[in-house]
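Please open the model in your viewer and keep the selection panel handy. We will go from stop to stop, choosing something to select and then looking at what is there.

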Amino acid sequence: MMKSFDRTEVTLLLCIPVLIGLGFILPQWIVNYIQVSLGTGLVAISVMTQMRSGLVSFGQGLFFCIGGYTAGMAGKFLGISDLFLLLFLGALAGLAISFLLGFLLRRYREIFYAMLTLAVSMILFGLLSSTEELGSTDGFNLASPTYLGWSPEGEMARYALYIATCIPALLCALLLHRYLRSPMGFVGEAIRENELRVEYLGTSAHKSVHITYVLAATVSAIGGVLWALALGHVDPEMTNWTTSGQFVFISILSGTGNIISPLFGTFILEIIRVYAVEISPNTWQLMIGSIMLLTIIFLPKGLWSLIQPSSSVVRTTLKKSTKDSKETSS
Amino acid sequence: MTVLLETRNLERTFGAVVAASNINIQIKAGEILGVIGSNGAGKTTFVNMVTGYLSPSSGEILYRGNPIHGKATRDITKLGICRSFQIPQLFLELSVLENMLIALIIAKGNAPVLFAPAVNDSLEEEALRLLSRFGIEDYANQEITTLPQGVRKLVDIAMATVSEPELLFLDEPTSGVSAHEKLEIMQVLITALKVTNTAVLFIEHDMEIVEAFSPRVVAFYEGTILADGPTAEVLQNSKVREFVIGSEFHRKGDAPPSSTTETNSAKIGSVLEGGV
Amino acid sequence: MLTAVAISLDGLGFAAWLFLASVGLTLIYGVMRILNIAHGGFYALGAYSAAWAIGLYTQTGQTIALTYLIIPMAALIVGVVAGLTIERGVMRHMYGRDEVLMVLVTYAIFLILEDVTKLIWGTDSYIAYQPAYWLGTIEIFGIPYTVYKFLTIGIALATGFILWWGLTRTRTGKLLLVVINDREISSALGINVTLFFTATFVIGATLGALGGALTAPEISVVPGIGAEIIVMAFAVIVIGGMGSIGGAMIGALIVGFARALSVHLYPPAELFSIYIVMALVLAIKPYGLFALSEGRKI
């Protein structure tokens, strides 16, 4: 059973009961941060997944927002409050919209990809900011979710939502990790390195980029649903490019070495932000910017490279597979 | 022997520049054929057209009797036509083994599988075995950026052969390698490719290599074919001597091999001796 | 008819503003291959410093006429100080690096500039309407327009002309084109590439600051204007083809008119009409109208 999962996957699976357990032990405010950062963390890992293919999305907030607003609108206009249905609808919206946009974006790489994802996310920003039915720039509030007809109250509602956030979030992370190890994940790395060769080896780089884009978008939308439910509120800032920029920041800081590091990075950053903003409200961006510059200059592969020197999927997989064969032989 | 590839009146222009015109070539299964011509004679343009990187301005390309012009590079690769590059096209920040693994994964057509691990022991073994055919398995764990040009060329060619093509184009397989290493490298290549009965078209500037390895030669000059036939005949052809070989000698005299390429190729040589 | 006139004049006004805000961005990209997100920071710095200086000056009760000198002075000081500091301090160590990496570097600088602006001028809004008000208005078909708007249009045209003339008609401009074509060869020819890069970056930064400084009298200068302008400036230069000055002009006209059309005909679309136009252009010309050509790869 364990053999079909690698170390990262086992860690992610173990994290589910551990996080749920911590939910009962840790003070409420930390649990809240865990919950919120699992939502944004999913967006960060989807930015990282694209970075593996050499694609920097400066507009991932688009799908974060689509997820959140879909859940909000389903509650507001259709009276849907079931968490599973909301997650499904959010993911479906992200998937459908990214599938269509993918036909435009898959043609672009490098700075064009960065800037066009940004521009597309700003279309939604403009649209939502001027839609009064959806609260314009203020956004609107979401009701507490229900679970297959069960509607818990008070403390119970909090725990239920926390558990219902942990499980899909970590499963999404596991899914993206598997994707990066799959043939498609390898093709992604190859595209980052040399797209011409990829085409000459006999596969479509456009298709691979499209699939990566859709997958990242779907996971981001799920992150958006979870985040919106955790805060009980959505607003157009979710798709402002400055929000997307923070996801890029987290990915740069954590590096593309492992799917867990952006998740963890998001949480740490969330905590630091609270204090930093309290102590000195006008230097938060200054700090982020400086850390980012220092990371780019001194740690080009992110903090993860301090833990594990090689950041390529291929190499981590290789290490894993040689370890596996040793285990089976002993 | 079956005709694999046939081009009919192939032409390619870039604006007012005619890069290739009236190209008629037939390549048979398992055949080995050398292509000569000075820089800008249309050799690479020809390969780029046949492999779908450039679309011809006019003319036809038939593979096993079916038209393939206008098809995408990846689809032409799937049909069984591969190529290597004058400047190796590799995944620079990955190791030689990783380069081969990616090539194998794509060649096996597993790319659409989304959530299953791609690499296993047997795939690794296969990659190493392919590398050993070209005598470069000792470099398996080195990153491409650390390798000398000669080894990069061999990796480039090894990657082009993973899908076991029926027809392989080698674009100057021995450029950047010193004169006496060229023979050795070609020997390794041709031996490795004979095993799979791959038809090989190689572009080469060194007439000695051409004479040694290909029974047939096509000479390009200013975008057209000047001569096509048995090697001895073509190399004796007066026009070829005047326009192609003459300029080749001239070219070689202009650019003596630098000392760095010598040391690089010396390294390959030692590996080759171990591998073959 | 009146609407048509209003759309045309507003479109031209928007276009002039957009051109001034984005021409520095396209210039730096064209020469250095750096998509400079920090450009938004220069714009904000320009706007703040001009608004602040005009505010201080008008308190003294002197003639308003001199504020028209304050605007370019503010832009020049910001451009030289901030541009030179950033170029010498960070950018020059990063030349030749991957274009995407440079986007991230300039993004980091942009974030730093955002807070530097807040640290210097606080988070309150600055209003320096005097230069725009003082020139008065003229009526065109009964619709009043500020003369200042026409002044901006004139400055945009002049800037475009000077850049075009400087790049194509002067010795320095011709040398710069050599640098753009091939950095290595230009170094080998004895051209001081570093100096050209520094100069370009400072000029680009000054142009960004000028865009902000000229806009300051027409708007309320608040935090976030830098983040807003950079996405619009990007839309402008991507429509025209990145790195092309003429392209930026065409892009500014297209975006300016798209925005004017939506303001007059369907106001809710104002914020995203720009990007819709951009998406349409890119669907037909994937790298903009005047894209730079790429060389042969294999």
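## Stop 1: a strand pair in chain B

Select B:Leu33, which stands opposite B:Arg216 in S10(B). Strand S4 (residues 32–36) of chain B and S10(B) pair in the parallel sense over four bridges; two strands pair if DSSP finds at least two bridges between them. Strands, here and below, are DSSP runs of E with at least two residues, helices are runs of H or I with at least four residues, and both are numbered from the N terminus.

Before moving on, a word about what is on screen. This is a predicted model, in which local features need pLDDT of at least 70 and side-chain atom pairs count only at pLDDT 80 or more, while totals for chains, interfaces and linings use all residues. Residues are numbered from 1 along each chain as its sequence is written, and chains are lettered from A and ligands numbered from 1 in the order in which they are written.

Now select the whole of strand S10 (residues 216–221) of chain B. Is S10(B) enclosed or open? Five of its six residues are buried, so S10(B) is largely enclosed by the rest of the structure. A residue is buried if 20 or more other C-beta atoms lie within 10 Å of its own, exposed if 12 or fewer, and partly exposed in between, with C-beta atoms placed from the backbone.

## Stop 2: the hairpin and its sheet

Add strand S11 (residues 224–230) of chain B, which runs antiparallel to S10(B) and is joined to S10(B) by six bridges. Two places let you check the register: B:Val217 has B:Gly229 as its bridge partner in S11(B), and B:Tyr221 stands opposite B:Thr224. The hairpin has two residues between the strands, and B:Glu222 takes a positive phi near 50° there.

Widen the selection to the open sheet of six strands, whose order is S7-S8-S9-S4-S10-S11 (chain B), with mixed pairing. Its edge strands are S7 (81–83) and S11 of chain B, each pairing on one side only. On average, neighbouring strands of this sheet are turned by 15° against each other, direction ignored. The angles here are taken between N-to-C directions, from 0 to 180 degrees, with axes as lines fitted to C-alpha atoms, for helices over the stretch in contact.

Next, show helix H1 (residues 43–50) of chain B. H1(B) lies across S4, S7, S8 (167–171), S9 (199–203) and S10 of chain B, and runs at about 145° to S8(B).

## Stop 3: strand S1 of chain B and its partners

Select strand S1 (residues 3–14) of chain B. Which strands join S1(B)?

- S2 (residues 17–23) of chain B pairs with S1(B) in the antiparallel sense over four bridges, and B:Phe14 stands opposite B:Val17.
- S3 (residues 26–28) of chain B runs antiparallel to S1(B), with three bridges between them, and B:Glu6 stands opposite B:Gln26.
- S5 (residues 58–63) of chain B is antiparallel to S1(B), with five bridges, and B:Glu11 has B:Ser58 as its bridge partner.

In the hairpin of S1(B) and S2(B), look for B:Gly15, which takes a positive phi near 60°.

## Stop 4: two helices of chain A

Move to chain A and select helix H1 (residues 7–25) and helix H6 (154–181). Their axes come within 10 Å and cross at roughly 170°. H1(A) and H6(A) are therefore roughly antiparallel to each other, a label for angles over 145 degrees. Residues of H1(A) that meet H6(A) include A:Leu12, A:Ile16 and A:Leu19, and those of H6(A) include A:Ile163, A:Ile167 and A:Leu170. The residues of this contact divide into 14 nonpolar, three polar and one charged. Ala, Val, Leu, Ile, Met, Phe, Trp, Tyr, Cys and Pro count as nonpolar, Asp, Glu, Lys and Arg as charged, and the others, Gly among them, as polar.

## Stop 5: a buried glycine

Select A:Gly302, found in the loop between helix H12 (284–298) and helix H13 (304–307) of chain A. Is A:Gly302 buried or exposed? A:Gly302 counts as buried because 25 C-beta neighbours are inside 10 Å. A:Gly257 is 45 residues apart from A:Gly302 in sequence and 8.1 Å apart in space, C-alpha to C-alpha.

## Stop 6: where chains A and B touch

Finish at the contact, which takes 27 residues from chain A and 30 residues from chain B; residues are in contact if their C-beta atoms, placed from the backbone, lie within 7 Å. On the chain A side, H7(A) gives the largest share, seven residues.

Terms used. Contact = placed C-beta atoms within 7 Å. Parallel < 35°, antiparallel > 145°, perpendicular 65-115°, else oblique.
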